[in-house]
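Hi everyone, thanks for making time this morning. I'd like to walk you through a structure that may be new to most of you. Have a look at it first, and then we'll go through it together.

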Amino acid sequence: MSMIAAFYGSKSILITGATGFLGKVLMEKLFRTSPDLKVIYILVRPKAGQTLQQRVFQILNSKLFEKVKEVCPKVHEKIKPIYADLNQKDLAISKEDMQELLSYTNIIFHCAATVRFDDPLRHAVQLNVTATQQLLFMASQMPKLEAFIHISTAYSNCNLKHIDEVVYPCSVEPKKIIESMEWLDDAIIDEITPKLIAGRPNTYTYTKALGEMLVQQEGGNLNVAIIRPSIVGATWQEPFPGWVDNLNGPSGLIVAAGKGFLRSIKATPMAVADLVPVDTVVNLTLAVGWYTAVHRPKPTLIYHCTSGTINPCNWGKMGLQVLATFEKVPFERAFRRPNADFTTNYFTASCWNAVSHRAPAIIYDFYLRLTGRKPRMTKLMNRLLRTISMLEYFINQSWEWSTYNTEMLMSELSPEDQRVFNFDVSQLNWLEYIENYVMGVKKHILKEDMAGIPEARQHLKRLRNIHYLFNTALFLIIWCLLLARSQMARNMWFFIVSFCYKFISYFRASRTLKI
Ligand SMILES: CCCCCCCCCCCCCCCC(=O)SCCNC(=O)CCNC(=O)[C@H](O)C(C)(C)COP(=O)(O)OP(=O)(O)OC[C@H]1O[C@@H](n2cnc3c(N)ncnc32)[C@H](O)[C@@H]1OP(=O)(O)O
Ligand SMILES: NC(=O)C1=CN([C@@H]2O[C@H](COP(=O)(O)OP(=O)(O)OC[C@H]3O[C@@H](n4cnc5c(N)ncnc54)[C@H](OP(=O)(O)O)[C@@H]3O)[C@@H](O)[C@H]2O)C=CC1
């Protein structure tokens, strides 16, 4: 019997960010391995015209939860959505709900965050720092609380090259930053943001670092642990390989490359692609929750959930495998044939952007205008280029994360727990994982059916023919223009034609002699 599964069996668990990518997989695993748990409270806000109940209904009826419904048929009774908005004071939780949470919660998993790279500092601080502070305050009033698990990111200290499992201090105290957000106006905040984030590429990584500092400072009397995953990708094994449902990180670029929009990218092929499957992150999170509650380690332990030092894969290998999978399972209605090149040079990247991204978009929009339709490709391409420019920081350098605590935890688990809550990425076969990832993107994000593959192949063949035709026409036009304007081009042309003529005459003559 798994000790970890048994531990969660009788617990009341609070999850923030349960409607997000990681949160859903965390809930799924909890219900599947500990179906007799008491309740999972989830802090949810209404979104896109959906009520809380509709959002929960949608999650429980997704493919991800199919296995859970077999193991735990009463899952809908064990999930209790609580209205909350982490941007509001007291998280906008009603008095009755707050009372219930304070009285019964045993474990907190704090996953909610803004993961956007372009968020203004004020908003990122509100969600990643202030909301964490409020949640810690709530936690301090929970008599039955056994552990508070905070999900951060391995990139919170990406200004360093080697990162240990410690909290690194930021130059300004998080409490001071929270206070200053109350009275500084937006223009001043925008001005000081680059100085504050110093060395980091965006407000996301900076506010996650502030969040960690707060957890360490204010979680003193609680059993707290921090988990730092690197780039979280599709599921590796559980509940089935290749599940993914949002466009963050590599998933968006896989879509863009598979649909033929993304044709070149400034990336260092030898740089480490530090991906971790989402089910690995979830297994580690649950193991950490158990260890923190049962063993109550004195200092706040930080766990790196990364792959680079244990089982490295680089962006070059990943890119090739992604492209190889497109050959097997092409995406439908591609704009161009998938063929993404990596370049490390800024000048070459800019040239390729002009030739491979902007020019085809302009030509396509011209065609749309000619056929009386609304142009849209240039706008889409600009968005994609903006996204790529924000991700470039992460695909052009490598980091090294120490993993002593994660390894120590693995050694503390029973063989059964090591199997059920496996977070050992050394067993990961990258080629197989990436193939499943690409197929998962096709099935679960693009909602494309495998039955459409023959038609997708036909479409790619048509695109290839159009490509050859276009290139030939372009070559001929340029050549004709050159012939009309340059004596040297005419001389060259005369030389080539007479050379061919002589070669053919010689060939004919030698054949006649042989006969
Ligand atoms: C050969 C291939 C090799 C592949 C190899 C790739 C390696 C690539 C490694 C990255 C490495 C990151 C490593 C960080 C690790 C962490 O810890 S951070 C956690 C991950 N966080 C993220 O990835 C957030 C990134 N995204 C953002 O910050 C924002 O979406 C952006 C990029 C600023 C775009 O903002 P925006 O223009 O306001 O767009 P937004 O409203 O979000 O979405 C607009 C449209 O773009 C789409 N979109 C959103 N995000 C993306 C995306 N990432 N990509 C494409 N489309 C997107 C949306 O679906 C939406 O489409 P429509 O619904 O309009 O049709
Ligand atoms: N994805 C990745 O590559 C990585 C993620 N992480 C960390 O993992 C955690 C989970 O990330 P992930 O699941 O990918 O992120 P998602 O963006 O998929 O999920 C974010 C979650 O936070 C919730 N949330 C955001 N704002 C609010 C709000 N104002 N009130 C209530 N809830 C809110 C969202 O709710 P709603 O559905 O209503 O928007 C959603 O449930 C984060 O802490 C992130 O920093 C760390 C490393 C990498």
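I'll talk about one annotated stretch, one strand, the two ligands, and finally a single residue.

Before anything else, please keep in mind that this is a predicted model.

Let's begin with what the record says. UniProt, in an unreviewed entry, places the feature "domain: Thioester reductase (TE)" at residues 15–284. Within residues 15–284, the chain is 43% helix and 14% strand. If you look for the two ends of that stretch, their C-alpha atoms are 16 Å apart.

Now please find strand β7, which covers residues 224–229. How many of its residues are buried? Six of the six, so to speak the whole count, and the strand is mostly covered. You may remember that side chains in a regular strand alternate between the two faces of the sheet. In β7, V224, I226 and R228 point one way, while A225, I227 and P229 point the other way. Residues on both of those sides are buried, and that includes R228.

Which strands does β7 pair with? One partner is β5, residues 147–151, which runs parallel to β7 and is joined to it by four bridges. To find your place there, look for H150, which stands opposite I226 of β7. The other one I'd like to show you is β11, residues 301–305, also paired in the parallel sense, over five bridges. Here I227 of β7 stands opposite Y303 in β11.

Let's move on to ligand 1. There are 23 residues around ligand 1, and those that come nearest are R116, F117, L247, G249 and R386. By class, the shell has 14 nonpolar, five polar and four charged residues. Which helix gives the most to this shell? That is α15, with seven residues. Helix α15 spans 377–395, and α11, at 250–258, also supplies at least two residues.

Some polar contacts are worth zooming in on. A backbone N or O atom of F117 is 2.8 Å from an oxygen atom of ligand 1. At L247, a backbone N or O atom lies 3.1 Å from a nitrogen atom of the ligand. The side chain of Y204 has an N or O atom 3.4 Å from an oxygen atom of ligand 1. On its own, ligand 1 has 1,300 Å² of accessible area, and the protein covers 77% of that.

Next comes ligand 2, with 26 residues around it. Here T19, R45, R55, Y204 and K208 come nearest. Notice Y204 again: we just met its side chain beside ligand 1, and it is on this list for ligand 2 too. The shell divides into 13 nonpolar, eight polar and five charged residues. Helices α2 (21–33) and α10 (203–218) each supply at least two of them.

The backbone takes part here as well. An oxygen atom of ligand 2 lies 2.9 Å from a backbone N or O atom of C111, and for V232 the corresponding distance is 3.1 Å. A polar backbone atom of A113 is 3.5 Å from an oxygen atom of the ligand. The protein covers 90% of the 900 Å² of accessible area that ligand 2 has on its own.

Last, a single residue: E182, in helix α8, residues 174–183. Is E182 buried or exposed? Its relative accessible area is 67%, so E182 counts as exposed.

That's my tour; thanks for listening!

Notes
Residues numbered from 1 in each chain as written. Chains lettered and ligands numbered in written order. Predicted model: local features only at pLDDT ≥ 70, side-chain atom pairs only at ≥ 80, totals over all residues. Heavy atoms only, no water. Buried < 20%, exposed > 50% of the residue type's maximum accessible area, 1.4 Å probe, protein only. Pairing = 2+ DSSP bridges. Near = heavy atom within 4 Å. Polar contact = N/O pair within 3.5 Å; in protein donor to acceptor, adjacent residues only side chain to side chain. Areas by Shrake-Rupley, 256 points an atom, 1.4 Å probe, with all protein chains shown as cover. Nonpolar A, V, L, I, M, F, W, Y, C, P; charged D, E, K, R; others polar. UniProt positions renumbered as here; feature names shortened; annotations may be inferred.
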